Amino acid sequence: MNEDLNQEIKSNKQYNPQMHSAEHILNQTMVRMFSCGRSFSNHIEKKKSKCDYHFDRNLTEEEIELLNKNVNEVIQQDLIVKEEFYSKDEALKMFNLSRLPEDAGEKVRVIKIGEYDACPCSGLHVTHTKEIGVFNIISTDHKDGVLRIRFKLPDD
Ligand SMILES: [Zn+2]
């Protein structure tokens, strides 16, 4: 783990491990439901967050409801979130590393959420998924091949 990056993340008060962990689960749920890619761009904040996906249309009400339900079912399983380290060569076989920073180093940190999701990431996460709380999609829209999903978690 890059200590400087860790400090930088911790000192950013907007950074929210609950939100960020929810993003991992949302991405995996999108991949499983729609065979699309993980979000290519996102904005994660304590109050509300958004994730953008390359997608050919907006979601229907039923799909939004099901997506919301599926994400919450994963959260409610209280899966353990843990980090594992792989060499770059190993990681390249398993993951798309195009979003990894250039200076990520020789070891790639992978965040695993139970058996549900695994994704290279240098951020901060919860240790159990129930810490995330209830996931709520606020809205979705679609423009120029991009599906945007806005969501929030309970205020505390
Ligand atoms: Zn992460």
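This report walks through a predicted model of one protein chain with a zinc ion.

## The chain at a glance

Let's start with the parts list. The chain holds four helices and seven strands. Reading from the N terminus, the elements come in the order α-α-β-β-α-β-α-β-β-β-β. There are 156 residues in the chain, and 40% of them are buried.

How much of the surface belongs to carbon and sulfur atoms? The accessible surface adds up to about 9200 Å², and 48% of that is carbon and sulfur. As for how the chain folds back on itself, take the contacts between residues at least 6 apart in sequence: 65% of these join residues at least 24 apart.

## The zinc site

Which residues hold the zinc ion? Its protein donors are His 20, His 24 and His 125, each through NE2, plus Cys 121 through SG. These donors sit 2.0 to 2.2 Å from the zinc ion. The site is tetrahedral, with angles among the four donor atoms running from 101 to 122 degrees. For reference, the ideal angle for four tetrahedral donors is 109.5 degrees.

Along the sequence, the donor residues follow the spacing H-x3-H-x96-C-x3-H. His 20 belongs to helix α2 (residues 17–34), while His 125 is in the loop between β5 (117–120) and β6 (136–143), so this pair ties together parts of the chain that are 105 residues apart in sequence. Are His 20 and His 125 buried or exposed? Both of them are buried.

## The four-stranded sheet

Now for the sheet. Four strands line up in the order β1-β2-β7-β6 to make an open sheet with antiparallel pairing. Its edge strands are β1 and β6, each of which pairs on one side only. On average, neighbouring strands in this sheet are turned by 15 degrees against each other, ignoring direction. Helix α2 packs on the sheet and touches β1, β2 and β7, its direction making about 140 degrees with that of β7. This is the helix that carries the zinc donor His 20. Helix α3 (residues 61–76) lies across β6 and β7, and runs at about 135 degrees to β6.

Zooming in on the pairings, β1 (residues 41–43) and β2 (residues 49–54) are antiparallel and joined by three bridges. These two strands make a hairpin with five residues between them. One of the facing pairs here is His 43 opposite Lys 50 of β2. On to the next pairing: β2 and β7 (residues 146–152) are also antiparallel, and six bridges connect them. Within this pairing, His 54 has Val 146 of β7 as its bridge partner, and Ser 49 stands opposite Phe 151 of β7. In general, strands of a sheet pair through backbone hydrogen bonds.

## The second hairpin

Another hairpin is built from β4 and β5, with three residues between the two strands. Gly 114, in the turn, has a positive phi of about 50 degrees. Strand β4 (residues 107–113) runs antiparallel to β5, and four bridges join them. Ile 113 stands opposite Asp 117 of β5.

## Two lysines to look at

Where is Lys 107? You'll find it in strand β4. Not counting residues up to four places away in sequence, Lys 107 touches Phe 85, Tyr 86 and Ser 87. Its C-alpha atom is 8.8 Å from that of Ala 91, which is 16 residues away along the chain.

The other one, Lys 82, is part of strand β3 (residues 81–87). Lys 82 has a relative accessible area of 44%, so it counts as partly exposed, a label that covers values between 20% and 50%. Which residues does Lys 82 contact, once neighbours within four places in sequence are left aside? They are Val 110, Ile 111 and Lys 112. The C-alpha atoms of Lys 82 and Val 110 are 8.3 Å apart, with 28 residues separating the two along the chain.

Terms used: Residues numbered from 1 in each chain as written. Predicted model: local features only at pLDDT ≥ 70, side-chain atom pairs only at ≥ 80, totals over all residues. Heavy atoms only, no water. Donors = N, O, S within 2.8 Å, 3.2 Å for Na, K, Ca; no water. Tetrahedral: all angles 85-135°; square planar, octahedral: opposite > 155°, others 65-115°. Buried < 20%, exposed > 50% of the residue type's maximum accessible area, 1.4 Å probe, protein only. Pairing = 2+ DSSP bridges. Contact = heavy atoms within 4.5 Å. Areas by Shrake-Rupley, 256 points an atom, 1.4 Å probe, with all protein chains shown as cover. Axes fitted to C-alpha atoms, helices over the stretch in contact; angles between N-to-C directions.
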